[in-house]
Amino acid sequence: MSNQPQPKLPRIAFGGFMLESNNHSPVATEAEFRDAVLLEGAALLADIAKPAPAVPPTVTGFTKAMDEYGAWQKLPLVMAAVGASGPVDQDFFDWLVRRMVEELQQHIRDGGPVDAIFLSQHGAAIGTRDIDPDATLFAALRDVVGPDVPLIATLDLHANVSRAMIDLTSMMVSYRCNPHTDMADRGADCARHLQRLLGKGPERGERPARGFQKLPFIPPSTSQNTKAGPYADLIAFGQRYVGEDVWDVSINSGFSLGDTPKNGMSVIVTADTQARADQVAREVAAQAWATRHDFVARLTSIEQCAAMALAASRDAGKPALLFADVADNPGGGGGGNTPYLLDAFYKAGVEGCALGPFFDPELAAEAHRLGEGVQFPATFNRKPSTEFSGTLTLPGRVVKLSDGLFVGRRGMAAGRQMDMGKAAAIQVGGITVVVTTYRHQALDPMFFESLGIDLHKLRSLIVKSRGHFRAGFDDIFTDQQIIEADAPGLTTPMLQRVPWREVPRPIFPLDPEMDWTPA
């Protein structure tokens with residue numbers, strides 16, 4: 001029997017906090033997280049082992065890649081994730097930070113120091129009192145492990161990044177795709193970078209430098225797609241620098257409707273030396289500023305949308321159309337319940353149309369009480385939640401009921417367990433509305449198909465989403481068949497209409513004549 005000591009397995013703690021906060025939306029509560037993802041300790045471990053986990057793909061991408069590098073000790077903390085909402089309830093967030101710290105401290109008591117921490121963050125959260133919750137969480141964990149333990153995190157490319165977030169982490173890696181189909185890849189990148197930080201690669205225990213540039217620039221949400229356009233070109237420009245001495249270039253467009261002092265595009269460069277990191281950050285930021293006028297929102301009026309849908313429903317020779325209700329995007333903090341397009345399409349007599357997911361727990365519950373086939377006055381938003389979610393009553397019929405559970409099959413939801421809560425397909429005129437108990441954006445065809453709607457037979461489709469639907473429906477609707485509607489809502493990309501309170505000024509495009517150069 002060998003007396004050689006067994007190699008010590010790296011002890012890696014992991015978890016995260018994901019919320020995109022629209023400062024004009026209702027507060028994100030503990031209940032909202034529990035309805036989405038709130039997993040602690042052993043429950044988090046169990047979830048990542050499932051064929052269709054609920055956790056974000058960044059977590060499973062990281063853990064799978066770590067497994068491929070060799071054995072390691074998985075030390076689960078807490079994973080809290082919800083779609084975009086308002087500021088997080090401060091009492092809940094304070095509890096979450098305490099639980100993360102307690103789990104980390106327990107792992108240290110049970111097995112000794114941890115070697116690193118991985119966090120799946122969004123990066124655009126604000127609290128009802130705390131303007132930088134991400135930095136608060138980083139600081140709390142740093143207080144436990146000290147300044148030298150690697151702390152690495154993924155960020156959504158819509159993160160509103162602060163200097164404190166940079167200073168408190170060893171490295172942050174942002175998505176490069178919008179829709180975010182590369183979340184698992186970026187989690188795997190963190191596993192790869194962690195090998196260098198832990199001294200497992202050809203270089204041992206490296207500590208890279210970071211360059212950081214914060215631009216006074218908030219691009220409209222509809223100009224941030226990465227398949228083509230100015231943001232795609234900018235990300236490609238940044239990726240040209242990645243090589244031997246540059247580990248990562250992350251360009252965060254920011255979440256425009258955060259309305260926070262952290263608003264603004266950010267460039268984060270991780271490189272071997274500070275001089276190289278600063279140089280690349282300056283050059284990428286200068287390129288972003290030079291192209292700022294290319295980020296322009298171009299929307300189509302509600303009246304034009306209704307006319308286009310009516311024409312498509314009357315002429316089978318015309319291509320079917322997808323209308324994106326970008327101003328009521330649950331993925332940006334919208335309520336998912338504005339009735340403007342529904343009302344206009346119904347009054348126009350549009351046929352062969354579906355709309356969803358429409359967030360209305362009371363209407364979904366009523367449909368389940370009535371049962372399939374029942375005709376009734378369908379009242380949408382009997383309890384309006386925002387100034388934009390007006391009440392609308394139309395003659396309806398319950399077409400299909402569902403428990404709301406499905407596994408996503410395309411785009412960002414592919415392979416993930418999704419839960420709409422009790423859901424119903426309700427026919428109003430020529431429009432089938434998918435009504436849900438939980439608020440979601442239209443990420444995946446299964447939001448409709450799970451309720452018996454054949455998307456290939458539709459003449460028009462209205463989705464409550466800004467852009468992530470593009471990865472889920474691109475096998476049916478080409479870019480030329482997609483129309484972005486100019487309707488009222490909490491997530492409008494027409495930034496001049498937003499009642500700004502906290503955003504730093506001057507900032508482009510709110511102050512179009514301003515000028516700026518990288519520091």
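**View 1. Pro506 follows a cis peptide bond in the segment after E20.** In this predicted model, local features need pLDDT of at least 70 and side-chain atom pairs count only at pLDDT 80 or more, while totals for chains, interfaces and linings use all residues. Residues are numbered from 1 along each chain as its sequence is written, and side-chain values use heavy atoms, leaving out hydrogens and water. To find the spot, look for Pro506 in the segment after strand E20 (helices are DSSP runs of H or I with at least four residues, strands runs of E with at least two, numbered from the N terminus). The bond to follow here joins Arg505 and Pro506, and its omega is about 0°.

**View 2. Pro179 also has a cis peptide bond before it.** This bond runs from Asn178 to Pro179, with omega near 10°. Where does Pro179 sit? Pro179 is in the loop that lies between strand E6 (171–174) and helix H7 (183–197).

**View 3. Asp259 has a positive phi.** The phi value of Asp259 is near 45°, and Asp259 is a residue other than glycine. You can find Asp259 in the loop between strand E8 (246–252) and strand E9 (266–271).

**View 4. Helices H4 and H5 run roughly parallel.** H4 covers residues 90–111 and H5 covers residues 133–145; their axes come within 10 Å and cross at roughly 25° (axes are fitted to C-alpha atoms, for helices over the stretch in contact, and angles between N-to-C directions run from 0 to 180 degrees). That angle is why the two helices, H4 and H5, count as roughly parallel (under 35 degrees; over 145 is roughly antiparallel, 65 to 115 roughly perpendicular, the rest oblique). Their crossing is right-handed (the near helix is turned clockwise from the far one by less than a right angle; anticlockwise is left-handed). On the H4 side, the contact is made by Phe93, Val97, Met100, Val101, Leu104, Gln105 and Ile108 (contact means heavy atoms within 4.5 Å). On the H5 side, look for Pro133, Thr136, Leu137, Ala140, Leu141, Val144 and Val145. How many of the residues in this contact of H4 with H5 are nonpolar? Twelve are nonpolar, two are polar and none is charged (nonpolar: Ala, Val, Leu, Ile, Met, Phe, Trp, Tyr, Cys, Pro; charged: Asp, Glu, Lys, Arg; polar: the others, Gly among them).

**View 5. Helices H10 and H11 cross obliquely.** Here the axes of H10 (residues 302–314) and H11 (residues 340–348) come within 9 Å, with a crossing angle of roughly 45°. H10 and H11 are therefore oblique to each other, and their crossing is right-handed. H10 brings Ile302, Cys305, Ala306, Ala309 and Leu310 to the contact, while H11 brings Tyr340, Leu341, Ala344, Phe345 and Ala348. Sorted by class, the contact of H10 with H11 has ten nonpolar residues, no polar ones and no charged ones.

**View 6. Helices H8 and H9 pack roughly antiparallel.** H8 spans residues 230–239 and H9 spans residues 274–290. They pack at an angle of about 160°, and their axes are 10 Å apart. H8 and H9 are therefore roughly antiparallel to each other, and they make a right-handed crossing. Which residues of H8 and H9 meet? From H8 come Leu234, Phe237 and Gly238, and from H9 come Glu283, Val284, Gln287 and Ala288. By class, the contact of H8 with H9 brings together four nonpolar, two polar and one charged residues.
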